[in-house]
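Trainee: I have a model open and would like to learn how to read it. Can we go through it together?

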Protein chains: 4
Amino acid sequence: MTQTTRAPIETAEGAHTREWLRRFQRVRNASEALCAPLETEDYMVQSMSDVSPPKWHLAHVSWFFEAFILSPYLDDYQTPDPAYDFLFNSYYETHGKPFPRHLRGTISRPTVAQVYQFRAHIDQEMERLLSAPPAEHLDEIIDRLEIGLHHEQQHQELLVMDIKHILSCNPLHPIYRQDIRERLLADADQAPADQTFNDKAPRWHRYAAGVRQIGIDYPTEPAREHDGQGFVFDSETPRHRQYVAEFELADRPVTNAEFIRFIEDNGYSRTELWLSDGWSTIHRTGWQAPEYWEKVDGRWHTMSMGGLVPLDPDAPVCHLSFYEADAYARWAGARLPTEAEWETAADDQPIRGNFVENDLLQPAAQNERAGDGPQQLYGDVWEWTGSAFLPYPGFTPLEGSLGEYNGKFMSGQMVLRGGCCATPGDHIRASYRNFFPPQARWAFSGIRLARDV
Amino acid sequence: MTQTTRAPIETAEGAHTREWLRRFQRVRNASEALCAPLETEDYMVQSMSDVSPPKWHLAHVSWFFEAFILSPYLDDYQTPDPAYDFLFNSYYETHGKPFPRHLRGTISRPTVAQVYQFRAHIDQEMERLLSAPPAEHLDEIIDRLEIGLHHEQQHQELLVMDIKHILSCNPLHPIYRQDIRERLLADADQAPADQTFNDKAPRWHRYAAGVRQIGIDYPTEPAREHDGQGFVFDSETPRHRQYVAEFELADRPVTNAEFIRFIEDNGYSRTELWLSDGWSTIHRTGWQAPEYWEKVDGRWHTMSMGGLVPLDPDAPVCHLSFYEADAYARWAGARLPTEAEWETAADDQPIRGNFVENDLLQPAAQNERAGDGPQQLYGDVWEWTGSAFLPYPGFTPLEGSLGEYNGKFMSGQMVLRGGCCATPGDHIRASYRNFFPPQARWAFSGIRLARDV
Amino acid sequence: MTQTTRAPIETAEGAHTREWLRRFQRVRNASEALCAPLETEDYMVQSMSDVSPPKWHLAHVSWFFEAFILSPYLDDYQTPDPAYDFLFNSYYETHGKPFPRHLRGTISRPTVAQVYQFRAHIDQEMERLLSAPPAEHLDEIIDRLEIGLHHEQQHQELLVMDIKHILSCNPLHPIYRQDIRERLLADADQAPADQTFNDKAPRWHRYAAGVRQIGIDYPTEPAREHDGQGFVFDSETPRHRQYVAEFELADRPVTNAEFIRFIEDNGYSRTELWLSDGWSTIHRTGWQAPEYWEKVDGRWHTMSMGGLVPLDPDAPVCHLSFYEADAYARWAGARLPTEAEWETAADDQPIRGNFVENDLLQPAAQNERAGDGPQQLYGDVWEWTGSAFLPYPGFTPLEGSLGEYNGKFMSGQMVLRGGCCATPGDHIRASYRNFFPPQARWAFSGIRLARDV
Amino acid sequence: MTQTTRAPIETAEGAHTREWLRRFQRVRNASEALCAPLETEDYMVQSMSDVSPPKWHLAHVSWFFEAFILSPYLDDYQTPDPAYDFLFNSYYETHGKPFPRHLRGTISRPTVAQVYQFRAHIDQEMERLLSAPPAEHLDEIIDRLEIGLHHEQQHQELLVMDIKHILSCNPLHPIYRQDIRERLLADADQAPADQTFNDKAPRWHRYAAGVRQIGIDYPTEPAREHDGQGFVFDSETPRHRQYVAEFELADRPVTNAEFIRFIEDNGYSRTELWLSDGWSTIHRTGWQAPEYWEKVDGRWHTMSMGGLVPLDPDAPVCHLSFYEADAYARWAGARLPTEAEWETAADDQPIRGNFVENDLLQPAAQNERAGDGPQQLYGDVWEWTGSAFLPYPGFTPLEGSLGEYNGKFMSGQMVLRGGCCATPGDHIRASYRNFFPPQARWAFSGIRLARDV
């Protein structure tokens, strides 16, 4: 790539590119803001093999821009250290052998400060590239930039999940942010007095049978031109027909108070409620309550980003495995929705809710009904569906290494929908498919019930 | 149950009951026929934790009749040993704590002879019960008898799978039956000379898009009255609508010769062909070929029920994990069919093929086309689908302990369709859903390709 | 070895050889007598990886004669199956790669009957060889024969240990021999009435300090000439000096009644009594009593070769790990003896006791004192010492593959002394060093206390 | 402890106490000096479960003074955080349940800065206590202080070992100190040119047979009064007689060049050289060279505290397991010395060598012979002996929780002697018994050969 034509910045294309650069800066800043309350030591911890040290997240999302944009498209790009390409590759086997995931917590160098320098370097170089992008690669650059930003937003949510897990392992119950603690304690004090929307019995919305359009297609205009709202992951495509039988969906997620009743009704000891894998999982692990729950003086508490706080009975129950969600649904005489059912219900609903911008980082009770549809579909907790994460009919992964993004994980995982209190609000949509193994609990995962008619 | 009314044997119901008794005897004999070539020592081996000793199978299927029919419905029933209820319960947690599965091979008593005595005892008592069944329970008895017979047929197939695995672990390559060996060697000799149907390039059948009826409903008449062909497992119910997009299906399964080409094209070393879980599985296990394959003097051989024999290039490839089937399909530019697609194709096809009655216990090349439809849909090899084993819309498990039969395994497994060379021919149907974890290889599992249009 | 000179059978050497042949037959018969009460199925079980199936033991000890005597020294020797050399090699890596130990229970062929045929074949061929041994190899043959016989006697004890473990895993509590059961039940009935020697408080024998001669040298005359009593294992050699400080030794082993007091005094819960490895072992395993103990209706029972029987309070406690023996000793304010102390005490004691010839296969209370010295030094239970199994000063392993017999296990194991109720009486001596890993419990292992003065 | 008598500081006792305080400060400073080159991130890493994060070491040795001196003896002592007593207890089960060892790397708070504050707090409070110690507890305080200082010195060596392992796991090969790198590279450059003492063939020193005095007794005067050189650990006591047969000892440790010859002679592939546990260990781990060795462009390098450097052929070989040391000795036609032999040879030798004060933190070639005796007995590398770590005759552990210091580890470990390049020179003596499991390699462990005469 010796001679390239630079796109003149004064054109329409140039204006678009500037807009993308501002978006880039916004997303990059958001990652660092999430880490601002951390001590250097917190950045280093890998509290279980699913968790990555925050330092690694910050470096990995930067590496993504280096590996997929700067190295191929910025002529004279120089990496601060060629070893980063090995250390911060997550799982792109076709890009090179990644550093073993479970050992990420053993790498003390580069230091946190050096990782921030790496970030600054990437930011400068991206700015340099986007200020005068090679015209013949502009579409590809913007396409990859868009993926890179959504990728970094995904890692922002992972950062919250992982930081919560890291601090929760510590018997000192460290507090991520004191202001969150104060808000949560205030909520807890209020709870018994007020009547919230979630305190009422759930109602059921009925949906008629029919062939539905599920999933979404790639936007028809190039990324460079659209407004950034048109992005979709390959796993959401293509839009296709599914027959969905008549069903009913609860108008709100299951609450902590409801899940406590399941526990008190010996839900964890009744074999008939559990999938076989779930039954062996709870016996192997000894689970008797959701992740992060702890009984203090007879009252259920939970670790939060504000430390250990009393459980809000009306808030959506959170940090459950698929197995527990499934067992709860069976106990309640219902079932989990399929992802097509969920998407059918969400299709015409506005995207609003308790997202990361609400800055509570904890699911919360809703004080009153908002609109007519199902409440809290978006935000608060990811809702486990009964659907395995499998390719849609006609699914084609992206070309090259980016094709490893989603497709190769379509085995052994279950779909969750709707985003949570750690999800950026502009990152979610009705067709968005999140996925986790059925035993995972450190995501902000909860339950919404469905039932046959 | 002190006073019961006996159903007079001369009535229509009595005739039905006699028919059921004959069917019972037929199925019971078939299990013992499969074990006839075994040495006493073979009955004892648990060669991996998925395998059960043949002795255990013979006892367990008998226990099923004791636990679910004789104990509840035969007034004065006496068990030969109350401990059998613990030793031979497979996984019915609601019936009592089962003996740990992985330790089945450590139980030398009861002896094989005593297990055969247990079988004879169950047979006599079942005959006694069916000769004068309590009228008020007749429907329930026949319902459970029908399940018990299908259950025993399932274990007949497991017996073949497990015996094959047991003998294959032995470096002496023991031969289950010499006559099978001779047939297989004769086939191998012929292979290069003859042109078989499977030797030709596969053709693709196209199926139009549309809403399909998938699954099956329970028969409307009681088991007692129908002809025994109407049986379905709960997991196949209910019949329901699914939208199936246009697709194409290969007219025959993938052959050994084709899979050898995948191996020789470094299929096992190309990360882009594999699901993430598959890639880590083949690295953990070191798999470089299907289960039971062994290269002798440069030629691929395979263990069979006739010992180690040269691989028939035109026979369907067999003993693959889902991961290998999926990787092969990707390599071939195709994909695995969904179970709805498979059932759509099978719906109007006759149920014929290389079943256990063919007594070869090995997939075989087909010499010429039979009929117009896809060939070898039934028999030879179970065909991996791309569908996870999940409940159909409206699925309700059976009441009581029998509700554990299928429902609790609806997690972490993939569906296979069509039966194999170890399946009883009257045990399979278009709606039949078999399932195994994606890493399982000891079933007679193979590949049929599908593709989008 | 085409031309060999045969030793004339009428000479003194011939007479010796005949004597060796009779000894060979005696030992070989004893192995089969121990297996006579078994069902074919019992021969197949490997109930944990330390245990070998009895079938394997019978074949392996025969293989030893094939590999080390018949193959090298009998010109036209033919093996029944060349694969046996792989299947029945235990751990002689220099002889060829042994079959993986933990998979021994998966090998159903050769059958038990075929293994007995293998034994008969070996017996005939050994008789043929010994009837006209090649004179130039006679010494070597007799040396190896002697090792082979002691090797088979060791496996006789292992057979008893392994059969006991195999039957004990079965919840049916199978009975190896009914006559043993009757003797044990009779003893149990008597126990409370009679006063046994073991019921009295132990007394302490004091031994003066001094340089002791420990271990033993190889006999000076060739095996061919001595009476068979002069055999020693390499690990017992050479005789060497050790300084042994003044010490005291209990005059009898610790009894079941005494160990029950340890349990009731919360011995298993008091961390200060345990070695660190022991503490983690009992937490990992959940041990709360010796192996095979089971409380039935509030009374301690134990599995025996006569099935489950009440524990005899005055019998030596048995089936303890080194960790438990060590913790008991600390609780009792004493310690385990070193092997040099044990040998010092045993040096002038007659070799008599409850050996395998007593045919009870269970440690027993002694009714009255026999002689002045420490009682029950020999027989009943192997006594854990506080000595690690390490080479004596000047130790040299045997040449060739037989050098793997003992030396390579001199790491991570503890020495036990004195033989047990499953040891052949002519197999034990004061210098005999048995060894097991500190966590092993399936040997007939017990405790004798020592203390400093 | 409300009313205590303070020891007047002007007395002889007061002078002693001041001396102890100075010693306390010296040792405490040395720990911090070792950590001075670290980044905050390095303090957090637990690179394997045997390794502890440096932060934990710094806190744990401080906790030792809190738990065993300040809490019991300083009336109004206040801990900065009661949770430290749980977080920083290593293994004193009788003191309270310790935090799980393998999770030490997951604890980010207290931060490194807070741990240094904890250290400062302990230092101040110790100074306060020692300035006016309660007279009635003075002996006990000084006894515990002395143990605490030796304990901290042990952790200084562990700090070096652990920091080396932590940095070695990082593919970037971080350098602990640049000046060490320069010294090591200079040595490597010199090596081929110069003739070192170690380059010459080893000679053998012969020692006559006889009863030897081994071990050491506690000093007869109280710690408070002696000069601090009289300290011994309980495991070294009591001094006792052992008979040691005639033997020979090599006059220097085995060098890297010699060990390379073992590797090139296929030492790692020859089963006859290995203990059974060693053979399975090298197959499980894949070891083909000592820990930290890496071949770069055909030349062996090793990680050091100066990063990756070429191996000095004449330096003592280091970072070997006991199994490798034992296999090497067998290959060389020799054996490892017993600890009594080692101590016999060391008894009259001056304590000098390449200790931590030499500040190289790497074993080094010796340029010329120093004195007549065996060279490099002290310093450079801990020398594996063939002796298991077991109690000496008459051994009695300390009272209370400190009794857990050594005694409970007397199982499954081997003794090493002589100190190494990371040992404080005033911490070692002829009777000092270090111990590690036979598979451990991250200590500075090497080989000195012995042989029978």
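**Domain, copies and a helix pair**

Mentor: Start with the record. UniProt lists residues 24-157 of chain A as "domain: DinB-like", in an unreviewed entry. Positions follow the numbering used here, feature names are shortened, and annotations may be inferred rather than shown by experiment. This is a predicted model: local features need pLDDT of at least 70, side-chain atom pairs count only at pLDDT 80 or more, and totals for chains, interfaces and linings use all residues. Residues are numbered from 1 along each chain as its sequence is written, chains are lettered from A and ligands numbered from 1 in the order written, and side-chain values use heavy atoms, without hydrogens and water.

Trainee: What share of residues 24-157 of chain A is helix, and what share strand?

Mentor: The span is 57% helix and 0% strand. Its end C-alpha atoms lie 17 Å apart. Helices (H or I, at least four residues) and strands (E, at least two) are DSSP runs, numbered from the N terminus.

Trainee: How is chain B laid on chain A?

Mentor: Two copies of a chain are related by a rotation about an axis and a shift along it. Here, a turn of 180 degrees and a shift of 0.0 Å along the axis lay chain B on chain A with an RMSD of 0.0 Å. The two copies are thus related as by a two-fold rotation axis. The fit is least squares on C-alpha atoms of residues with pLDDT of at least 70 in both.

Trainee: Which residues of helix 4 of chain D meet helix 5 of chain D?

Mentor: D:Arg119, D:Met126, D:Leu129 and D:Leu130. Contact means heavy atoms within 4.5 Å.
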